[in-house]
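Reader: I've got a chain on my screen and a few questions about what holds its parts together. Could you walk me through it?

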Amino acid sequence: MKKCVFAGTFDPPTKGHRQIIDNCLKIFDEVVVAVMVNTAKAPLFTVAEREGLLKKLFAGDSRVRVVAFEGAAVDLLERENTPFYVRGVRNTVDFEYENANWFASKKLKDDIITIYFPAEQDSLHISSSLVRNSYAFKKDFSPLIPEEILADVQKILKDKNV
């Protein structure tokens, strides 16, 4: 059985994240979607909210497992017993950032195999930051969020009163 890890902040999950996970499912038997806890970041959504949104988004697919993880991605790969680490890239800036991380990770886990999925043309502009900024400026962000979780994202944001 082939398994991969796709880790991120997912603050909140977007259509771009979904596209990457859908692509993973075309190659892998299991996709571990890891909500990473990064103490250097101050996410708007709690870990539980991000996990809940992702679990709802993939509730119909037993091949997707959502977990929260605090630590280095290489430690998560070890725990999950897989060398396959998936990253999404929208542009050359993302690629340079991810490639630098790959070089560092390779020193920590020699057998890591990082797979880059380029963003689809219609989602090159999509990011969690764009969702948060759109909401802050009272702009429509619905085209950026999967329909299955849009109402949940809107409710969480309304409850937070940000």
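Reader: Which side chain does Lys160 meet in a salt bridge?
Author: This is a predicted model, and in it the N to O distance for the pair is 3.1 Å. The cut-off for a salt bridge is 4 Å, so the pair counts. The partner of Lys160 is Glu49.

Reader: How many residues apart in sequence are the parts that Lys160 and Glu49 tie together?
Author: Lys160 is partly exposed at 27% relative accessible area, and Glu49 is partly exposed too, at 22%. Lys160 lies in helix H6 and Glu49 in helix H2. The pair therefore ties together parts whose separation in sequence is 111 residues.

Reader: What does Glu80 form a salt bridge with?
Author: Look for a pair whose closest N and O atoms are 2.5 Å apart. Glu80 is in helix H3 (residues 73-80), and its partner is in strand S3, 15 residues apart. Glu80 counts as buried at 6% relative accessibility, while the partner counts as partly exposed at 31%. That partner is Arg65.

Reader: And Arg87, which residue is its salt-bridge partner?
Author: Arg87 sits in strand S4 and the partner in helix H4, 11 residues apart, so to speak across distant parts of the chain. Both residues are buried. The closest N and O atoms are 2.9 Å apart, and the partner is Glu98.

Reader: Which residues do salt bridges that share partners join into one network?
Author: You've already met two of them, Arg65 and Glu80, as a pair. Shared partners bring in others, and the network consists of Lys3, Glu30, Arg65, Arg79 and Glu80.

Reader: How many salt bridges does the structure hold?
Author: Side chains of opposite charge can pair when their charged atoms come close. The pairs of Lys160 with Glu49 and Arg87 with Glu98 are among them. The total is 15.

Reader: Glu51 is buried yet has no salt bridge, so which side chain of opposite charge is nearest?
Author: Glu51 is in helix H2. Beyond its neighbours within four places in sequence, Glu51 is in contact with Val35, Val66, Val67 and Ala68. The nearest opposite charge is 4.2 Å away, and the cut-off is 4 Å, so no salt bridge is counted. That nearest side chain belongs to Lys55.

Reader: Why is Cys24 in no bond with the closest cysteine sulfur?
Author: Cys24 counts as buried, at 0% relative accessibility, and Cys4 is buried with a relative accessible area of 0%. A disulfide is a covalent bond between the sulfur atoms of two cysteines. The two sulfurs would have to be within 2.5 Å. The sulfur of Cys24 is too far from that of Cys4 for a bond because the distance is 3.9 Å.

Reader: How many disulfides does the structure hold, then?
Author: Cys4 is in no disulfide, and the nearest cysteine sulfur to it is that of Cys24. For the structure, the number of disulfides is 0.

Reader: Which helix gives the largest share of the largest nonpolar core?
Author: That core has 31 residues, and those with the most contacts inside it are Ile21, Cys24, Val33, Val86, Phe141 and Val153. Several elements supply at least two residues each, including strand S1 (3-8), helix H1 (15-27) and strand S2 (30-37). The largest share is 5 residues, and it comes from H6.

Reader: How many residues are in the other core?
Author: This core lies apart from the largest one. Ala7, Ala34, Phe69 and Ile112 are among its members. Its residue count is 13.

Reader: Are the rings of Phe6 and Phe10 stacked or edge-to-face?
Author: Phe6 is buried with a relative accessible area of 4%, and Phe10 counts as buried at 2%. Their ring centres are 5.4 Å apart and the planes stand at 80 degrees. Planes over 60 degrees apart make a pair edge-to-face, so this pair is edge-to-face.

Reader: Which residue's ring pairs with that of Phe95?
Author: Phe95 counts as partly exposed at 33% relative accessibility, and its partner is partly exposed at 25%. Phe95 lies in helix H4 (residues 92-108) and the partner in strand S5 (residues 113-118), so parts 21 residues apart in sequence are tied together. The centres are 5.3 Å apart with planes at 65 degrees, and the partner is Tyr116.

Technical notes:
Residues numbered from 1 in each chain as written. Predicted model: local features only at pLDDT ≥ 70, side-chain atom pairs only at ≥ 80, totals over all residues. Heavy atoms only, no water. Core = buried A, V, L, I, M, F, W, Y, C linked by side-chain atoms within 4.5 Å. Buried < 20%, exposed > 50% of the residue type's maximum accessible area, 1.4 Å probe, protein only. Helix = DSSP H or I, 4+ residues; strand = E, 2+ residues; numbered from the N terminus. Lys, Arg positive; Asp, Glu negative; His and termini not counted. Contact = heavy atoms within 4.5 Å. Phe/Tyr/Trp six-rings, centres within 6.5 Å; stacked < 30°, edge-to-face > 60°.
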